[in-house]
Amino acid sequence: MAGGDETLATTDDGVMPEEGTGGRRRPVSRISLSLSEDLLCELDTMVGERGFASRSQAVATILHRSLVEHRHKVGDRVMVGTITLFYDHLAPGVQQRLADLQRRYIAEVISSLHVHLMNNQTLEVVLVQGPAATLQTIADTMITERGVISGRLELAAALIPPIHPFQGEGSG
């Protein structure tokens, strides 16, 4: 397809439509995209290296990630994500400060998992949901704690379904 338009994601090229609610497949739309030869070669290389089923799948994945980043930057939509922290668990008070932050943001922190690594290091993953700006604030606060070596916030344009309605203590 050198020099021409590339047709993107449809079931015709082996890519299944995105799954919607209730397990039903959502229809996909066909678009055309013009790329330079160099960019098309790089795309084809990435498709092969990452094991995508097609160019369409690769472009859809890249586009989805870009849209998530856009929503994160321009809006305050509720999103789900993880805060991944790598820290020295011997740093004075780091575990307690991180636990205190999780309690302070109890409405956004869903769960956390930490794994003790070699050389006094810990990897912690915190599952969060809430307005993107709030999640960024939580991540920034955790990542800048003394003793935290590195950290990152990853967001997805999705929501965790409610498990049960919260009634509060004493109601019921």
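A residue is taken as buried when its relative accessible area is under 20%, and by this criterion 27% of the 172 residues in the protein are buried in the predicted model. The secondary structure comprises four helices and six strands, which follow one another from the N terminus in the order β-β-α-α-β-α-β-β-α-β. Of the contacts in the protein that link residues at least 6 apart in sequence, 62% connect residues at least 24 apart.

The exposed area of the protein is about 11300 Å², of which carbon and sulfur atoms supply 55%. On this surface, Leu-113, Val-115, Leu-117 and Leu-123 make a nonpolar patch of about 310 Å². Val-115, one of the residues of this patch, is placed in strand 4, which spans residues 109–116. With a relative accessible area of 38%, Val-115 is classed as partly exposed, because this value lies between the limits of 20% for buried and 50% for exposed residues.

Glu-145, by contrast, is located in a loop, namely the one between helix 4 (132–143) and strand 6 (148–156). The relative accessible area of Glu-145 is 18%, and this residue therefore counts as buried, the cut-off being under 20%. When neighbours within four places in sequence are left aside, the residues in contact with Glu-145 are Arg-97, Leu-98 and Leu-101.

Notes:
Residues are numbered from 1 along each chain as its sequence is written. This is a predicted model: local features need pLDDT of at least 70, side-chain atom pairs count only at pLDDT 80 or more; totals for chains, interfaces and linings use all residues. Side-chain values use heavy atoms; hydrogens and water are left out. Helices (H or I, at least four residues) and strands (E, at least two) are DSSP runs, numbered from the N terminus. Buried means under 20% relative accessible area, exposed over 50%, partly exposed in between (1.4 Å probe, protein chains only). Contact means heavy atoms within 4.5 Å. Accessible areas come from the Shrake-Rupley method with a 1.4 Å probe; for residues, only the protein chains shown count as cover. Patches are made of residues with over 30% relative accessible area and no salt bridge: like charges are joined within 9 Å, nonpolar side chains (Val, Leu, Ile, Met, Phe, Trp, Tyr) within 5 Å. A salt bridge is a side-chain nitrogen of Lys or Arg within 4 Å of a carboxyl oxygen of Asp or Glu.
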